[in-house]
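Let's take a walk through this model together, starting with its building blocks and ending with the places where its parts touch.

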Amino acid sequence: MKQTSKFPCKRLVFLQSYEYVFEMLEIGENWQNFGINEVITTNENLKNYIESIFRNLSTEIVPVSIPEYFKENEKPKIPTVALSARDKREVLKIVKIFYQKYPQYQFITFRDMSGLPREEFAKELSKSFLSVWVDELSSFGTFPIESMKCGTPVVGKIPRMVPEWMGAVDENGNLNLNDNGIWTANLNAIPDIIATIVGLYLEDAIPTNLLESMEEYKSKYTEDEMKNSIKEVYNRIFGRRIVELQTIGEKAQEKLNTTPELQIENNKK
Amino acid sequence: MSNNITVILPIHEVQENTETLLKRAITSIATQSVKPKELLIVRSKDKKLKTLLDKFDYGEIKEITRVVENTNGDYGFPSQMNFGVSKCDTEYFTFLEYDDEMAQIWIKNGVEYVNAYPEVGVFLPIVFECDENGQFISFTNETIWGKNVSEEMGLLDNNTLQRIQNFNFDGMIVNKSLYEEHGGIKTHMKLTFTYEFLLRMSYLSIPIMVIPKLGYKHTNNRKDSLFDHYKNTVDVMESKFWVNKAKKEYFFTEDREITYELETN
């Protein structure tokens, strides 16, 4: 940001995570100090967040898209839990507590999904009967959406910034969570929640409202939506840039017209 | 959801609480979320039993219930089963002991898994083992879904069976023609007929899958049940004999005559 501040071009920020906004800034510095006032981000929450920090930003949203290979498996689901966590120690803790408290469920397998190639990741996720997501610092969270598209219910720790698909805070400050997953603020409750869902899975009794709410997300965050959005956003950005350049050109022309030499020449004409 | 599964219910005598237990078992068939094509009750020639079954209120599954008499004179569980299978008209069958219960979702899952895995010949449920009061004791068959237990998760293979013996085939859903072609359950195999059957099927490369659902509620060592009888009459040496016998007999499809004799080496 600082190194490119003198570049003769328009620069904009791609913002996917609020976690790194201030990482390269000194206290008191902001993006505008370095000539940046346009941002592309992935969702309304991040837009609101960044606009509340840096004033007079122009923020566009290009929504996240999930590839079509995140889809339901043709075979029935297997008793495997897919895990996704920013901090791997959290994963280990959940698994250890689960096996300790519920020895009758030793046959449940946990699979850490990190590091898998994307298509294999999607396949494994679609096989699992449950997934677990722990990412305190997440700004959006694609993993739960991927799970929903695979028809795999998600148990998730509510992150600091509540994603738009998870729920919303109303005018009274109450958090209203959607039914599209099992969301908890208590990390320590996750092993117990997993055990409850295992019991329901074994009896084919996963709540239908959960499955129905997940179903809605199969048609959301598609690649087509993202492509259309990219076209619209870049059209607007280029449109603004053209106007900017035209304005600069006109101003430069005016400036030229007002130089003494040019005025003399114009007068001669 | 249409299906091609018969439930075989073998019963050979009337005991003190038979009617109560039978009612519970039949209710568990009647409340299936997907009904079987037929409930086939295989009875002995016991007159008291015949009367009980003739008068029994089968409720809404009366139309799909058929009672047949086992005419071969052997009313042991394997024989009753084999007779039932010979009378069954569907491609797959399952069975329910009259003192157990089938989970409401079992036939539905059977249909789903038969469609998803047509290559599988035997589907076992996760069995909910309980005492006579219905209190949970343990699960059976579920271990096969654990990591590194069998060669392929969910599938029971011969090597795994050599190491682990306590699988339970109660409620299994079986392809009828494979069952008959490979000898059914052996009538001469006392105590370990379940084990021998599973060993033989896996040896003959018939895929055996555990459906990861609670499909069957099995009452453990109910007084006067077959295994209660074994518990009281079979000693450790004889148990070992039958386990070893199962490990030798599974190579043969033929139901060879076996008599217990103390092994000297």
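Chain A contains eight helices and ten strands; both are DSSP runs numbered from the N terminus, with helices being H or I over at least four residues and strands E over at least two. Please keep in mind that this is a predicted model, in which local features need pLDDT of at least 70, side-chain atom pairs count only at pLDDT 80 or more, and totals for chains, interfaces and linings use all residues. Residues are numbered from 1 along each chain as its sequence is written, while chains are lettered from A and ligands numbered from 1 in the order in which they are written.

Now for the overall form. The C-alpha atoms of chain A fill a box of roughly 100 × 40 × 40 Å along the principal axes. The radius of gyration of chain A is 25 Å, whereas a compact globule of 269 residues would have one near 18 Å; the radius is taken over C-alpha atoms, and the globule rule is 2.2 Å times the number of residues to the power 0.38.

Chain A is assigned domain 1 (1-63) and domain 2 (78-219), with bounds that come from an automatic or database domain assignment. Ten residues from domain 1 of chain A and six residues from domain 2 of chain A form the contact, where two residues count if their C-beta atoms, placed from the backbone, lie within 7 Å. The C-alpha centres of these two domains lie 31 Å apart.

Finally, look across to the partner chain: eleven residues of chain A are in contact with 16 residues of chain B.
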